[in-house]
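Please open the structure in your viewer and keep the sequence beside it. The stops below are meant to be selected one after another.

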Amino acid sequence: MKLQIKRVYEPAAPSDGYRVLVDRLWPRGLTKESAAVAEWLRDVAPSTELRRWFSHEPERWAEFKRRYLHELEGEAAVNALHHLREVAAQQHVTLLYGAKDEAHNNAVVLLEHLQRRHH
């Protein structure tokens, strides 16, 4: 599986391959064209409640990861993750996120989760 993460505000590149937005909200200020998103997978994004609770505060990171991984066990998320793995088995996939913090965001957790669970 070829997976990477990238901020959706960075310019699209051919090396991105299949670009998947993994946020629940559309990134502020971006058009569909400029975002160059092939697919928007809201089902793998953290719930609105979890996102608001986390509020990108690094001291909440460990607990955010724990809660988010638990949410990824829900049926809709499991189905979306299965789909992502199938796409990534065929081509390069870039998981796109909007957060300013490149170390503490849902795409980081999602990438680790997909790589750990790869068989």
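The tour goes from the sheet to the helices on it and then to the cores.

This is a predicted model, in which local features need pLDDT of at least 70 and side-chain atom pairs count only at pLDDT 80 or more, while totals for chains, interfaces and linings use all residues. Residues are numbered from 1 along each chain as its sequence is written, and side-chain values use heavy atoms, with hydrogens and water left out.

Select the four strands, which form an open sheet in the order 1-4-2-3 with parallel pairing; strands (E, at least two residues) and helices (H or I, at least four) are DSSP runs numbered from the N terminus, and two strands pair if DSSP finds at least two bridges between them. The edges are strand 1 (3-7) and strand 3 (39-40), each pairing on one side only. Strand 1 pairs with strand 4 over five bridges, and L3 has V93 of strand 4 as its bridge partner.

Next, add helix 4, which packs on the sheet and touches strand 1, strand 2 (18-21), strand 3 and strand 4, where contact means heavy atoms within 4.5 Å. The direction of helix 4 makes about 135° with that of strand 4, the angle running from 0 to 180 degrees between N-to-C directions of axes fitted to C-alpha atoms, for helices over the stretch in contact.

Finally, select V44, V93, L95 and L110, which touch the most other members of the largest nonpolar core, a group of 27 residues. Such a core is a set of buried Ala, Val, Leu, Ile, Met, Phe, Trp, Tyr and Cys residues joined through side-chain atoms within 4.5 Å, buried meaning under 20% relative accessible area with a 1.4 Å probe, protein chains only.

Note on methods
Buried < 20%, exposed > 50% of the residue type's maximum accessible area, 1.4 Å probe, protein only.
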